[in-house]
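Here are my notes on the model, set out as numbered points. Please read them with the structure open.

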Amino acid sequence: MSELIYDKNGRLLFTKEMKEEYTILAPAMLPIHFGLLANSLRLHGYKVELLNTTHRKIVDEGLQNVHNDTCYPALLVIGQMIDALKSGKYDTHKTALMITQTGGGCRASNYIHLLRKALKKSGFDYVPVISVNLSGMERNPGFALTIPLIKKMIYSLAYGDIIMNLANQCRPYEVVPGSTDALIQHWTDILNEEYKQSKNVTEKRMEYNFGRIAKDFSELPVKKIPKVKVGVVGEIYIKYSPLGNNNLEKFLAGEGAEVVVPGIMDFMIFKADNRLVDIDLYGGSKIKYKVVTILKNFFLKVQRALIAALEPYPQFEKPSTFEELKQLVPDFLGYGVKMGEGWLLTGEMLELIHSGVNNIVCAQPFGCLPNHIVGKGMIRKIKDTYPDSNIVAIDYDPGATAINQENRIKLMLANARLAMERKVNSGKETEHTTETKDKLAGISVL
Amino acid sequence: MEELLVGIDVGSTTVKVAVMDKQENVLFKSYDRHLSKVREVALEKLYAAQNILKGHPVRVAVTGSAGLGLAKASGLPFVQEVFATVGAVEKYIPQTDVVVELGGEDAKIIFFTGGMEERMNGSCAGGTGAFIDQMATLLGVSVDELDEMSARSEKTYSIASRCGVFAKSDIQPLLNQGANKEDIAASIFQAVVDQTVAGLAQGRKIEGNVAFLGGPLHFIKGLRKAFVHTLKLTGEQAIFPEDGAFFVVFGAALYAKNSNTMEAEQLFAALENASTGKQFTGSVPALFENQEEYNDFVEQHRSKNIKMVYPENYSGDAYLGIDAGSTTTKLVLITPEGDILYQYYRSNKGNPVDLIHSELKKIYTLCGDRITIRGSAVTGYGEELIQHAFGVDEGLVETVAHFRAAKHFVPDVDFILDIGGQDIKCFKIRGGAVDSIMLNEACSSGCGSFIETFAKALGYSIEEFAKLGLFAKNPVDLGSRCTVFMNSSVKQAQKEGAQVGDISAGLSMSVVKNALYKVIRAASGEQLGHHLVVQGGTFLNNAVLRSFEREIGFSVTRPDIAGIMGAYGAALAAKDLGLERSTLISAQALESFVHAAQAVTCGLCTNHCNLTVNTFGAGKKFISGNRCDKPLGRSGAQELPNLYKFKYEYLRSLQGGPGVLGKIGIPMGLNMYENMPFWFAFLTELGFEVVQSPPSSRQLYAKGQYTIPSDTVCYPAKLLHGQVEALIDEGVDRIFYPCMTYNFNEKLGDNHYNCPVVAYYPELIEANVKRLNEVTFYGPYFGLHRPRDFEKKAFDFFAPKFDLPREKIIQATSKAYAVYELYRQKIQEETQKAIQYAREHGKRIICLAGRPYHIDPEINHGIDRLISSLGLVVITEDGISHLVGKQKVNVLNQWTYHSRLYNAARYVTTQPDMELVQLVSFGCGIDAITADETRDILEKNGKLYTMLKIDEINNLGAVKIRLRSLIAACGSRDKDLAVSAADRGEL
């Protein structure tokens, strides 16, 4: 058995022996993306397992083990981990945990510490925690984010983004129910197979696959009927994780909306970009500037490949590039706003509006500090600038009930339908059936 | 047959039904409370309209916050209620610019002109009908009576408007201080108005023709008046439609035109068959499987009973204990053996003085000349008032009284949990003294009374309600969260078909979970202690006791007098005094006792405290509501050193003289309380006349309230809106308020960030305060942590705008850094002086640790002066944080202000005469992290941890209890130390 070794600050390290012996549990946020991330890690010898649990006990564990005023994502992720350790499914003496650490001025940088406190409180202080970050915090002898690994992880996120994007554009209109999800599964299987060998996980292969993926989705039989488009932005975990947002996407789809979820690549690029902005604003090392620029350019290149793959298919709405999105922001706030999702969140709302998606759910944990500024704080000005925008801010926490959240989202949807009706009416008057008319008028039959 | 339109509006508390003909004439309308029997009431009302509906084809729409569930269950079409309202308003009152609609638990504003926009309250139910109901219950009157009372008010108090629980903790002390109920009634309505204006308008002004809709605004005149007055509406602008309570249901009926047609019989059938049998998904095991299990449980708890003695059969000495609690008044008369001669427990309906007056008379009659009261003591919120009124011998802090009583039952008690009507108190006992005290923060208080309010809302007495919970088969899992949120959880449970008993049991469990996980934050029962005493009226509810024992996994002691432990403890303490003669008011004096209370506003300083002057005849007088000693006329005593005062006065004195570049305003809020010396020097040196925003106040806050976009942000941030508005009013041409991601690097942590709110609030201000177009606003990004770079960036920013040479910038930069450094030094020097003073005069020192902006008196509500008045010297965290090296903490130590906090805590642990009290602003997410860590540092080193959560609420009752408990605990700890030192022969 691996020896427990601590660093000089008393932090339990993840050792090389542990890498051989231990199972690493990691939270899941987006199924496609994280599945491939886990594959990438496995290719580098880490026995990663994703936690996909969603039962109530997770929240209870979170409430018991984390300060209740801490943000909801921390409570959920930590609750999920403690719940897993207690489940009996894992040999806790051969289990490690993995969590990301952003290192910014937001509370999220502290998740890992709150997790350690919770482990101690529950008697699992022998379970090592691995921080995944690009800032060089908390090094471990048994874990290294090497360049090849980082590259694979970025490809994974990009694969996830393109599949999620296309699937969201197809699913609401699919002729054969379930065909979109079947196609996702088809591609997940192919990629899982490819991810068994490092030589298949390359930029070249990714670009080639992007083309095939786009082609496959373009061939999915769809019937375009008018549907309300709803964008989802917010704090990253709440925005993406069904556990965090009470199955928001599913709810919106059930209400007959097409859901538009901005991809995660922008967030990665944003995190690189704001290191450059920091140096621009306050001064700093030129070498760091160069290194980060290389990283950012690599991210941008991957994003360009993704967008290029959609180019041949005019039926698909293409996401903007990061730089295009960034251009929309300065009228609203400065690039210096970097904590949490920072200006990117405002930017995503603006990008959605510019691409014709006026209806937006801005999702955040109750009391989320950066979102006071970049989410709720900007809605007024966005509304003034774009009177047609229809944004609802929803708070999530363990006490908030789905019924209150849904009621508010339904109001947004009712307005969305009305706006669509007015638009349709001002265009062609005659074409739609009574059924769609009902829907448009804000009545939904449940 | 002609087609009819049917609207059904299911709100959180009421069901409204409307039937219209095709020409939209209303044929039928009804408005009823549904007491959670949504489907039944709706159906009943439709049956009442049966002869109108019968045989007609109908089009139906269901709406309302609780209508979604009914629509789902019955398969009837649903329309979102705000949407429905819009339709009705456009038809009936098209001149409307803004609609304000208050419902049972929802509040809405709809702006019609200038871009239609709808707002609903978020996850908070403050400022709604439910809130008003709750407040009426608190005052022991009906909503109608509350309305009538408000008409006779003379003044209003500021009551926190955000949520019912906050407001309660504001109102209760007012009641206890003897404030007029009429004034409180009016204040409650004003709070609702403030909540609506601040919480919902979010940056848009409510103006033009305003229509007021919904039940509360329809029925409550006082509320109407408050809205019209606050919004400054003329008679024509304020629209109160006759059918104001029915607009939503009319809207639903109008929208029903879009639904498919069905036969009236089909509608009845749909509602009849709406599935309600479904079990609530989140249910937990029953409290008791059967009667036998329950009997065993009762038997087991019977052991801890107190002997009752009939006063008629007793002669000898007796001791009186009074607990003037927040909602209830308790009295106990005991024999020297601790047997009870007389006990009394009653909701004080807001007037403890009169209650105690008549009780004392009764007690004296019972005593006759056989029984002599040798001592008396009082505890609780109303302690001081009662002590003054009746000449009670001793006043005790609540915690001490409870401990005294618990010890009587379990001599080696190590943990006491008291859940009362209003609050949860728990404390650990270590070494024979109250060691760490946890009180529920304002956001989760009111747990006991919540069950009661809920029982009443569902039409049961608390006893019946509790009983129903004992044997409920599928108790609902309502989680652990603030009570206001629980409202909607309950709503959801009802929707899913939970029975009243299931809800009752579920609420009991929630109360327990709240106490355990929110207040105490224990991971397991064993962490609490081994000898637990649980008490407070709420624990008399066996469902609560059972839930508690189950949750912690072992059994505890609940005395049969659980509800009067405070009074019992006070009586025991009175006995401990060993007095020969009690100073308690005599039977004769009691006959001529009179009490009158008068509300006045103190004019002795800018705080303008709302004082209540109580007079008890014969010139005896007691003033409450004060934050300092000024109104009491005790001026002779020397003022103790107080670093809060020092820092505040120093920063306030930075007022610039005329400058060649004109005036530049700086809002004095948030991090400016740290950086003002820097910017003041820098901008003055460049040639500006620096103008600070005026001192913060409630009025200043109100001025900017309407531009606050996020109602959950902290109060210091909210104040900034007023500070900026005030600067504009002062006529400055420019406002300077930079964004600062980073703070100064004091090398005490791993990084030196500001929190996201402090860092980027200028962005929010710029985007939301429209009046900024009257001035030039500068919100550039600057980093003061890199002086060289700052100089360059400052040059790039200021030089082109104001045509300044580089030398000027260089000069100003070095001046600014020097002045800031000087300020830091001054604080440190002054702190040393204060410490020295304390030591020379034998005073204890409190490090009141928070953020720099906590020195703003509007933010700290005078807590520093309160501490001073208790005889302690106040210092700040930044005056001592440099005295120890960088601390190793269990969290990422990356915010400058927090690093100071950790260091200060560490330093305090090395000083026997220093304690640390942490000030935390409500809504400060980051303090969720620092609070645990600071507690850790202090407790690991044998110090007590006290946290005070502050918000816009400015009542210091609870704060005072905590501080006094702290002082009492320190006192007994020191005594113990002295005793053990003596034992070791050191003295």
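1. Chain B has 35 helices and 30 strands. Helices (H or I, at least four residues) and strands (E, at least two) are DSSP runs, numbered from the N terminus.

2. This is a predicted model, in which local features need pLDDT of at least 70 and side-chain atom pairs count only at pLDDT 80 or more, while totals for chains, interfaces and linings use all residues. Residues are numbered from 1 along each chain as its sequence is written, chains are lettered from A and ligands numbered from 1 in the order in which they are written, and side-chain values use heavy atoms, leaving out hydrogens and water.

3. Of the 987 residues in chain B, 65% are buried (under 20% relative accessible area, 1.4 Å probe, protein chains only). Among contacts in chain B with a separation of 6 or more, 72% join residues 24 or more positions apart; contact means heavy atoms within 4.5 Å.

4. Where chains A and B touch, 69 residues come from chain A and 86 residues from chain B. The area buried between them is about 7,000 Å², with carbon and sulfur atoms giving 57%; buried area is the accessible area (1.4 Å probe) that two parts lose on being put together, summed over both.

5. Three salt bridges are counted between chain A and chain B (a side-chain nitrogen of Lys or Arg within 4 Å of a carboxyl oxygen of Asp or Glu). B:Lys72 and A:Glu406 form a salt bridge through their side chains, at 4.0 Å from N to O.

6. Several helices of chain A each supply at least two residues of its side touching chain B, including α3 (57-65), α5 (111-121) and α17 (402-426). The largest share, 11 residues, comes from α17(A).

Methods: Buried means under 20% relative accessible area, exposed over 50%, partly exposed in between (1.4 Å probe, protein chains only).
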